[in-house]
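Hi everyone, thanks for making time for this. Let me put the structure up on the screen, and then I'll walk you through a few spots.

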Amino acid sequence: MRHSFAVRTLLGWYRDGGGVEARMPWLSTYLGHVDPAATFWYLSAAPELLALAAERLERAAGEVS
């Protein structure tokens with residue numbers, strides 16, 4: 001149930017274009033994680049979520065070039 005909640009929350013944040021990094025401490029606290037790095041694990045646990053994160057990274061890299 002925690003995994004599903006975390007993945008759904010992260011998917012929503014990526015889809016709405018919001019600042020996932022800025023929101024991650026909130027999710028970490030809600031899930032009881034001491035360090036947001038522990039929450040980032042969920043990114044690799046769901047293929048759809050990993051794809052959205054990769055897309056955002058590619059777009060950001062393209063804007064810098």
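Let's start with Ser 28: is this residue buried or exposed? In this predicted model, Ser 28 counts as buried because its relative accessible area is 2%, and the cut-off for buried is under 20%. The residue sits in helix α2. So who is around Ser 28? If we skip the neighbours within four places in sequence, Ser 28 is in contact with His 33, Asp 35, Pro 36 and Thr 39.

Now hop over to helix α3, which covers residues 36–39 and holds Ala 38. Here the picture changes: Ala 38 is partly exposed, at 41% relative accessible area, a value that falls between the 20% and 50% limits. If you'd like a distance to go with that, the C-alpha atoms of Ala 38 and Leu 57 are 20 Å apart, with these positions 19 residues apart along the chain.

Next, please look at the nonpolar side of things. How many residues does the largest nonpolar core have? The count is 15, and Val 7, Leu 10, Tyr 14, Val 20, Leu 27, Tyr 42 and Leu 49 have the most contacts inside it. Two or more core residues come from each of α1 (2–15), α2 (20–31) and α5 (47–64). The biggest contributor is α1, with six residues.

Let me finish with one member of that core, Val 7. Setting aside residues up to four places away in sequence, Val 7 touches Tyr 42, Ala 46 and Leu 49. Of those partners, Tyr 42 and Leu 49 also appear among the core residues with the most contacts. Thanks, all!

Note on methods
Residues are numbered from 1 along each chain as its sequence is written. This is a predicted model: local features need pLDDT of at least 70, side-chain atom pairs count only at pLDDT 80 or more; totals for chains, interfaces and linings use all residues. Side-chain values use heavy atoms; hydrogens and water are left out. A nonpolar core is a set of buried Ala, Val, Leu, Ile, Met, Phe, Trp, Tyr and Cys residues joined through side-chain atoms within 4.5 Å. Buried means under 20% relative accessible area, exposed over 50%, partly exposed in between (1.4 Å probe, protein chains only). Helices (H or I, at least four residues) and strands (E, at least two) are DSSP runs, numbered from the N terminus. Contact means heavy atoms within 4.5 Å.
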